[in-house]
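Please read the following report alongside the sequence and the coordinates. It moves from the chain as a whole to individual residues and pairs.

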Amino acid sequence: HTEKTIQGTAPTCSKTGLTDGITCSVCNAVIKAQETLLQTDHTYYNNKCTGCTAYLSESSGLSFTLNSEGTEYAVSGIGSCKDTDLVIPATYKGLPVTSIAFCAFYGKTSIKSVIIPDNIKYIDKSAFEGCSYLHTVDIGNGVEMVAGDMLEGAFWECKSLTNLRLGNSLKTIQGSAFAYCESLESVVIPDSVEVIGAGAFGACTK
């Protein structure tokens with residue numbers, strides 16, 4: 001047989017895909033059959049799925065903490081929210097939401113994706129630590145710092161994280177911020193970044 005490759009197709013959130021196949025270019029005999037690839041999860045950017053028309057609305061039921069000046073809020077916890085795809089609200093009770101607090105979503109394994117709006121300026125240590133099924137993070141263009149230190153990073157041990165977008169106002173990625181994100185294969189660092197702390201991407205083995 002003279003082998004000829006039949007090009008496969010990648011799966012999306014709206015349709016299955018196919019692996020590459022091999023046939024004979026002379027007699028068309030199937031040497032290696034194409035196999036079906038299962039549909040993927042939605043991948044959201046600016047609240048819209050990049051692969052279909054699905055749209056995310058802001059998550060409701062989250063917990064918030066008002067700052068001492070009474071001028072802005074921090075997201076402080078999951079509250080009664082049942083969403084697995086989180087969209088952090090830009091405002092709460094008429095005031096801006098500007099940060100995600102320490103340990104806000106620590107260990108919440110139900111979370112699969114999160115969109116962080118441009119209003120947010122700061123993501124505190126351990127904010128999403130141990131969210132082991134979190135695979136997609138879209139960090140808004142207002143975020144200036146993703147916090148971390150030697151033992152606790154904002155996205156420490158998010159083992160399923162594969163899709164990461166960093167906003168174009170980000171200045172500081174502190175130490176261990178994304179440590180042990182063992183599924184993360186690549187990341188684009190925006191030109192705005194001035195500081196990358198020690199071990200910011202430590203133990204990201206891929």
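The report below takes up overall form, strand pairing, aromatic pairs, cysteines and backbone angles in turn.

## The chain as a whole

This is a predicted model, and every value given here was computed from it. The chain holds 19 strands and 0 helices, and its C-alpha atoms fill a box of roughly 80 × 35 × 30 Å when that box is taken along the principal axes. Of the 206 residues, 40% count as buried, while the accessible surface of the chain comes to about 10,800 Å², with 49% of that area belonging to carbon and sulfur atoms. Where contacts between residues at least 6 apart in sequence are considered, 47% of them join residues that are at least 24 apart.

## Strands 1, 3 and 4

Strand 1, which covers residues 3-6, runs antiparallel to strand 3, and 4 bridges join the two. Within this pairing, E3 has C24 of strand 3 as its bridge partner. Strand 3 also pairs with strand 4, again in the antiparallel sense, over 2 bridges, and here T23 stands opposite V30. Strand 3 and strand 4 form a hairpin with 5 residues between them, and in its turn N28 has a positive phi of about 65°.

A29 belongs to the loop that connects strand 3 (21-24) with strand 4 (30-32), and its relative accessible area of 26% makes it partly exposed. Which residues does A29 touch, leaving aside its neighbours within four places in sequence? A29 is in contact with H1, I22, T23 and C24. Of these partners, H1 lies 28 residues away from A29 along the chain, yet the C-alpha atoms of A29 and H1 are separated by 8.2 Å.

## Aromatic pairs

A search of the whole structure finds 8 aromatic pairs. Two of the pairs share Y92 and are set out in the table.

| Pair | Arrangement | Centre to centre | Angle between planes |
|---|---|---|---|
| F64 and Y92 | stacked | 4.1 Å | 15° |
| Y73 and Y92 | edge-to-face | 4.9 Å | 90° |

The pair of F64 and Y92 links distant parts of the chain, with F64 in strand 8 (residues 63-66) and Y92 in strand 11 (residues 91-92), 28 residues apart. Y73 lies in strand 9 (residues 73-77) and Y92 in strand 11, so that pair ties together parts that are 19 residues apart in sequence. As for accessibility, F64 is buried at a relative accessible area of 16%, and Y73 is buried as well, at 11%, whereas Y92 counts as partly exposed at 27%. Elsewhere in the chain, F105, F128, F155, F178 and F201 form one aromatic cluster.

## Cysteines without a disulfide

How many disulfides does the structure hold? The number is 0. A disulfide is a covalent bond between the sulfur atoms of two cysteines, and the cut-off applied here requires those atoms to lie within 2.5 Å. For C24, the closest cysteine sulfur is that of C27 at 3.6 Å, which is too far for a bond. For C204, the closest cysteine sulfur belongs to C181 at 5.1 Å, and this distance is likewise too far for a bond. Both C24 and C204 nevertheless count as buried, C24 with a relative accessible area of 2% and C204 with one of 19%. C24 is also the residue already met as the bridge partner of E3 and as one of the contacts of A29.

## Positive phi angles in loops

Most residues other than glycine have a negative phi. Against that background, two further residues deserve a note. E157, although it is not a glycine, has a positive phi of about 60°; E157 is found in the loop between strand 16 (145-146) and strand 17 (163-165), where its relative accessibility of 32% classes it as partly exposed. Y180 likewise shows a positive phi, near 65°, in a residue other than glycine. The place of Y180 is in the loop between strand 18 (172-173) and strand 19 (195-196), and with a relative accessible area of 38% Y180 is partly exposed.

Conventions
Residues numbered from 1 in each chain as written. Predicted model: local features only at pLDDT ≥ 70, side-chain atom pairs only at ≥ 80, totals over all residues. Heavy atoms only, no water. Helix = DSSP H or I, 4+ residues; strand = E, 2+ residues; numbered from the N terminus. Buried < 20%, exposed > 50% of the residue type's maximum accessible area, 1.4 Å probe, protein only. Contact = heavy atoms within 4.5 Å. Phe/Tyr/Trp six-rings, centres within 6.5 Å; stacked < 30°, edge-to-face > 60°. Pairing = 2+ DSSP bridges. Areas by Shrake-Rupley, 256 points an atom, 1.4 Å probe, with all protein chains shown as cover.
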